[in-house]
Amino acid sequence: AGCLPLLGARLCRTATRPRHRLNAMLRDIYYNLVDFVRTFGALQLFFFRLLLACPRVLFRRFGLVVRQVHNTGAHSLVIIMVCGFFVGGVLGLQGHSNLARFNAEDSVGTFAAFSLLKELGPVVTALLFAGRAGTALASEIGLMKATDQLAAMKMMAINPVSRVLVPRFIGGVVSMPLVAAGFGARLSVGPPFLHAAAGPIALV
């Protein structure tokens, strides 16, 4: 007679376990959704702060903006132009091998120019720019945060947003179209070069 309540208690526990799991899952989904909304809102507010501080930084600290354009754009130009040359060459080579079947090798330049400059060029440029300049800026700001340089600026009544973040943001926005133009120029050089090199070869 003493074992029956124990068995009944075990059955009740197994029956309530799925309900506890469902409640825990719904609770986790709710907290994750709240954290996502809070983080997304904080990012939007931070972006608005950057936009509001841009005109003041352009007039008062124009030298910092020019320096960041040089750091983000000029230092990224070499790797982007090299990648543009080889990407354009590979696309021109593939276009030559496909258009040679229809005796339309003369259209390789037009094919590469339209496909690269209009579609592939800005996307690849953005990826390379984010990979090189984005990681450099993130590591630099992260090091300043870890070594309490940003806190020291606040103690000296210097706004870190307008002194550190906004010049780098404006520098990236200004240098991105210029770097994309350089990437497009290298794209236009790659296909004719490899097309001339592979002209006598029948690529099928």
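1. Surface patch on α1. L22, M25, L26 and I29 make a nonpolar surface patch of about 380 Å². The model is a predicted one, and the patch should be read with that in mind. One of the four patch residues, I29, lies in helix α1. I29 has a relative accessible area of 49%, so it ranks as partly exposed; the cut-off for exposed is over 50%.

2. Overall make-up. The chain contains five helices and zero strands. Read from the N terminus, the order of elements is α-α-α-α-α. The chain has 204 residues, and 25% of them count as buried. About 13,800 Å² of the chain is exposed, with 70% of that area supplied by carbon and sulfur atoms. Among contacts with a separation of 6 or more, 82% are between residues 24 or more positions apart.

3. Main core. Which residues form the largest nonpolar core? There are eight: L50, A53, C54, V57, V65, V161, V166 and I170. Two elements, α1 (3-60) and α5, each give two or more residues to this core. Helix α1 provides the largest share, four residues.

4. Second core. Another core, separate from the one above, has six residues. Among them are I80, V124, F129 and F183.

5. L50 and its partners. L50 is a member of the largest nonpolar core. Neighbours within four places in sequence aside, L50 is in contact with V161, L165, V166 and F169. Of these partners, V161 and V166 are also listed in that core.

6. F169. This residue sits in helix α5, which covers residues 160-197. Is F169 buried, exposed or partly exposed? F169 is partly exposed because its relative accessible area is 25%, and buried would require a value under 20%. Neighbours within four places in sequence aside, the contacts of F169 are F47, L50, L51 and C54. Two of these, L50 and C54, belong to the largest nonpolar core. The C-alpha atoms of F169 and V65 are 8.7 Å apart, although the two residues are separated by 104 residues along the chain.

7. Aromatic pairs. The count of aromatic pairs comes to four. In one of the pairs, F36 and F40 are stacked, with 6.2 Å from centre to centre and 20° between the planes. The angle falls in the stacked class because that class takes planes under 30 degrees apart. F36 and F40 are four residues apart in helix α1, so about one helical turn separates them. F36 counts as exposed because its relative accessibility is 55%, whereas F40, at 46%, counts as partly exposed.

8. Aromatic cluster. F47, F48 and F169 are linked into a cluster by ring pairs. F47 also appears among the contacts of F169.

9. Salt bridge within α1. The whole structure has two salt bridges. In one, the side chains of R38 and D35 meet at 3.1 Å, N to O. Why are R38 and D35 about one helical turn apart? They are three residues apart in helix α1, which means a separation of about one helical turn. R38 is exposed because its relative accessible area is 54%. D35, with a relative accessible area of 39%, is partly exposed.

10. Salt bridge between helices. E140 and R168 form a salt bridge in which the closest N and O atoms are 2.7 Å apart. This pair links distant parts of the chain: E140 is in helix α3 (residues 108-146) and R168 is in helix α5, 28 residues apart. Which side of the cut-off does each residue fall on? E140 has a relative accessible area of 35%, so it is partly exposed. R168 counts as buried because its relative accessibility is 11%, and the limit for buried is under 20%.

11. Points to look at together. Helix α5 holds both F169 and R168. F169 contacts L50 and C54 among others, while R168 pairs with E140. In helix α1, the stacked pair F36 and F40 can be viewed alongside the salt bridge of R38 and D35.

Definitions and conventions: Residues are numbered from 1 along each chain as its sequence is written. This is a predicted model: local features need pLDDT of at least 70, side-chain atom pairs count only at pLDDT 80 or more; totals for chains, interfaces and linings use all residues. Side-chain values use heavy atoms; hydrogens and water are left out. Buried means under 20% relative accessible area, exposed over 50%, partly exposed in between (1.4 Å probe, protein chains only). Contact means heavy atoms within 4.5 Å. A nonpolar core is a set of buried Ala, Val, Leu, Ile, Met, Phe, Trp, Tyr and Cys residues joined through side-chain atoms within 4.5 Å. Patches are made of residues with over 30% relative accessible area and no salt bridge: like charges are joined within 9 Å, nonpolar side chains (Val, Leu, Ile, Met, Phe, Trp, Tyr) within 5 Å. Accessible areas come from the Shrake-Rupley method with a 1.4 Å probe; for residues, only the protein chains shown count as cover. A salt bridge is a side-chain nitrogen of Lys or Arg within 4 Å of a carboxyl oxygen of Asp or Glu. Rings of Phe, Tyr and Trp (its six-membered ring) pair if their centres lie within 6.5 Å; planes under 30 degrees apart count as stacked, over 60 as edge-to-face and the rest as tilted.
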